[in-house]
Amino acid sequence: DVWQRMCHADVLGVKPSETNLLVTEPLFSCSELKDNLAEFVFEEMGFHKYCAVPPPLLAYVDHKAWDPESVLSRTGCGILFDSGFSFSHVVPFYEGKIVYRACKRIDLGGKALTNLLKENLSTRQWNVMEESVLINAIKERSSFVSQDLREDLLASRRRGRANPIRRRYALPTGLPDEDRLGTLLDEPGGSA
């Protein structure tokens, strides 16, 4: 069993009866799944305390600690965009609470961008359609969140070294002391 192995001395080395458990759960998880997990956590595993929260709420709490002067931190009102592998959520907050009836799921996540990169690279350079892990690493290492979208879009149209957003990436060579997923050669610049 995965849970028992996780608590074993070789992995985490914890006794559930002396341990509190924090679990993230999907925004729109059905109540039967929540109840089954709570029953399993307490009755089967015997955890001392248990808390299940949606990831956007944890991101909100983290943001409050990271940037206490922001509008979201001061008022508890704002919108959080939670992008995952297969889909994303737009999550509004009001007075520090999620407004569930206004949450929207968008069936677009990081996987779509990885697949688009695989297709573009495969038609221009080498066939990397079977290299999802490598292309995902390239995407994650060279991506950034724009602080000025209009300016960054204009900068991305410049050619050559005049483009501060352009990145060079060295593919893996297979040598023993190298990163097996390659290396980002250019340091991020622009509005990263």
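**Strand β4 and its surroundings**

Ser88 stands opposite Ile106 in β6. This pair of residues offers a way into the structure, which is a predicted model.

Ser88 also has a bridge partner on another strand: within β4, Ser88 is the residue that pairs with Ser83. Strand β3 covers residues 78–83 and β4 covers residues 88–94, and these two strands run in the antiparallel sense over six bridges. The chain passes from β3 to β4 through a hairpin of four residues.

The pairing between β4 and β6 should be considered next. Strand β6 comprises residues 104–106, and its pairing with β4 is antiparallel, over three bridges. A further partner of β4 is strand β5, made of residues 97–98, which pairs with β4 in the antiparallel sense over two bridges. Here Phe93 is found opposite Ile98 in β5. The hairpin of β4 and β5 has two residues between the strands, and in this hairpin Glu95 takes a positive phi near 50°.

Is strand β4 mostly covered or uncovered? Strand β4 is mostly covered, since five of its seven residues are buried.

Ile106, with which this account began, also belongs to a feature of the surface. Together with Phe81 and Leu108, Ile106 forms a nonpolar patch, and the three residues have about 290 Å² of accessible area together. Phe81 is part of strand β3. Phe81 counts as exposed because its relative accessible area is 51%, and the term requires a value over 50%.

Another pair of strands is formed by β1 and β2. Strand β1 consists of residues 20–24 and strand β2 of residues 49–53; they pair in the parallel sense over five bridges. Within this pairing, Leu21 stands opposite Tyr50 in β2. Which residues of β1 form its covered face? They are Leu21 and Val23, whereas Asn20, Leu22 and Thr24 make up the uncovered face. In a regular strand, side chains alternate between the two faces of the sheet.

The surface also carries a negative patch, formed by Asp1, Glu32, Asp35, Glu39, Glu43 and Glu44. One of these residues, Glu39, lies in helix α2, which spans residues 31–44. Why is Glu39 described as partly exposed? The relative accessible area of Glu39 is 44%, and partly exposed residues are those between the limits of 20% and 50%.

Definitions and conventions. Residues numbered from 1 in each chain as written. Predicted model: local features only at pLDDT ≥ 70, side-chain atom pairs only at ≥ 80, totals over all residues. Heavy atoms only, no water. Patch = residues over 30% accessible without salt bridge, like charges linked within 9 Å, V, L, I, M, F, W, Y side chains within 5 Å. Areas by Shrake-Rupley, 256 points an atom, 1.4 Å probe, with all protein chains shown as cover. Salt bridge = Lys/Arg side-chain N within 4 Å of Asp/Glu carboxyl O. Lys, Arg positive; Asp, Glu negative; His and termini not counted. Charge placed at Lys NZ, Arg CZ, Asp CG, Glu CD. Buried < 20%, exposed > 50% of the residue type's maximum accessible area, 1.4 Å probe, protein only. Pairing = 2+ DSSP bridges.
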